Amino acid sequence: MKNMTLNEIYNQIWNDLKDGVKNTKSAFHYPIISTIDKNGYPSSRTVVLRKINKENNIISFNTDIRSEKWLEIKNNKKISVSIYEPNKKIQIRIIGSAILNYKNKIWDAAWDSTPSMSRECYSTPYPPSTTISKPEDIDNSLKNIQNEDLNKYKVNFGRIDILIKSLDWLYLIHSGHRRAKFELSKNISMCWLAP
Ligand SMILES: Cc1cc2nc3c(=O)[nH]c(=O)nc-3n(C[C@H](O)[C@H](O)[C@H](O)COP(=O)(O)O)c2cc1C
């Protein structure tokens with residue numbers, strides 16, 4: 001890892017992201033996404049990485065369109081992502097713009113590739129972050145949807161694409177850390193940074 005070139009590091013980042021889509025043991029499966037809330041505070045949460053597109057510099061995740069993050073992105077599309085994979089001792093920080101996909105072809109394809117178990121998440125009558133009187137109501141609402149056509153809950157489902165502007169890679173090793181920055185536009189520019 002320590003002797004890799006910038007080009008090799010860049011390709012390795014995308015390989016790790018690709019692996020993260022399927023590999024539930026990888027930290028790349030669980031990126032932390034930060035947006036800006038209505039009071040101007042950064043708001044961070046874990047999501048599941050669903051898709052990557054190296055050619056177009058995009059990574060994607062799914063969410064409930066009633067959630068705070070969806071509303072926050074409507075107000076401010078600037079987004080950042082943080083991943084730390086302890087087995088590889090690698091931190092990735094991403095800055096980019098979020099694109100909300102709803103009632104378009106990307107949204108249709110994302111829903112089609114979402115299994116029933118995950119579709120159930122969008123069936124709750126309680127929008128995320130609303131106050132509820134009894135937490136058990138969540139279990140009851142899940143029980144009630146058994147055998148229901150989950151397609152009707154597609155209205156609550158959203159696919160968020162992150163168009164990556166820059167990638168910051170940090171590799172921790174006691175003999176001397178390594179850090180690199182990649183600016184992504186039509187051409188990729190890359191450089192070493194002091195860790
Ligand atoms: C392991 C894990 C995976 C998660 N995956 C997602 C996800 O893919 N999409 C999502 O909207 N929330 C996901 N969540 C829940 C979010 O972290 C968050 O609690 C929820 O979406 C509400 O966030 P918000 O109020 O900032 O919108 C996940 C949480 C955990 C712990």
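Colleague: What joins S7 and S8, and which residue there takes a positive phi?

Modeller: In this predicted model, S7 and S8 form a hairpin that has six residues between the strands, and Gly176 takes a positive phi near 140°.

Colleague: How do you know that S7 and S8 pair?

Modeller: Strands pair if at least two bridges are found between them, and S7 and S8 have six, in the antiparallel sense, so the definition is met. Within this pairing, Trp169 stands opposite Ala180 in S8.

Colleague: What makes S8 and S9 a pair as well?

Modeller: Six bridges join S8 to strand S9, residues 188–193, and these strands run antiparallel; since two bridges would be enough, S8 and S9 count as paired. Arg179 stands opposite Leu193 in S9, and a hairpin joins S8 to S9 through three residues.

Colleague: How do you know that S4 pairs with S7, and which residue stands opposite Thr63?

Modeller: S4 and S7 have seven bridges, in the antiparallel sense, against a requirement of at least two, and therefore they pair. Thr63 stands opposite Gly158 in S7.

Colleague: Why is S3, with residues 51–53, called a strand, and why is it said to pair with S4?

Modeller: A strand needs at least two residues, and S3 covers residues 51–53, so it qualifies. S3 and S4 pair in the antiparallel sense over three bridges, which satisfies the requirement of at least two. Ile52 stands opposite Ile59 in S4, while the hairpin of S3 and S4 has four residues between the strands, with Asn57 in the turn at a positive phi of about 60°.

Colleague: Why is a set of 23 residues called a nonpolar core?

Modeller: The name applies because its members are buried residues of the listed nonpolar kinds, joined through C-beta atoms within 7 Å. Of the 23 residues in the largest such core, Leu17, Ile59, Ile92, Ile94, Ile162, Leu167 and Trp169 touch the most other members. Helix H1 and strands S4, S5, S6, S7 and S8 each supply at least two residues, and S7 gives the most, with five. As a general tendency, nonpolar side chains in soluble globular proteins are buried together.

Colleague: What makes Ile162 a contact of other residues, and which are they?

Modeller: Two residues are in contact if their C-beta atoms lie within 7 Å. Leaving aside neighbours within four places in sequence, Ile162 is in contact with Ile58, Ile59, Ile79, Val81, Ile94, Gly96 and Ala98.

Colleague: What makes a residue part of the shell around the ligand, and how many are there?

Modeller: A residue is included if its C-beta atom lies within 6 Å of the ligand, and 15 residues surround the ligand, the closest being Arg45, Thr63, Ser67, Glu68 and Lys69. Strand S2, S4 and helix H2 each give two or more residues to this shell, and the largest share, four residues, comes from S4.

Colleague: How do the residues of that shell divide by kind?

Modeller: Five are nonpolar, six polar and four charged; Arg45, Glu68 and Lys69 belong among the charged ones, because Arg, Glu and Lys are counted that way.

Colleague: What does the chain look like as a whole?

Modeller: The chain has five helices and nine strands, and its C-alpha trace spans about 55 × 35 × 30 Å along the principal axes. Buried residues make up 22% of the 195 residues.

Key
Residues are numbered from 1 along each chain as its sequence is written. This is a predicted model: local features need pLDDT of at least 70, side-chain atom pairs count only at pLDDT 80 or more; totals for chains, interfaces and linings use all residues. A residue is buried if 20 or more other C-beta atoms lie within 10 Å of its own, exposed if 12 or fewer, and partly exposed in between; C-beta atoms are placed from the backbone.
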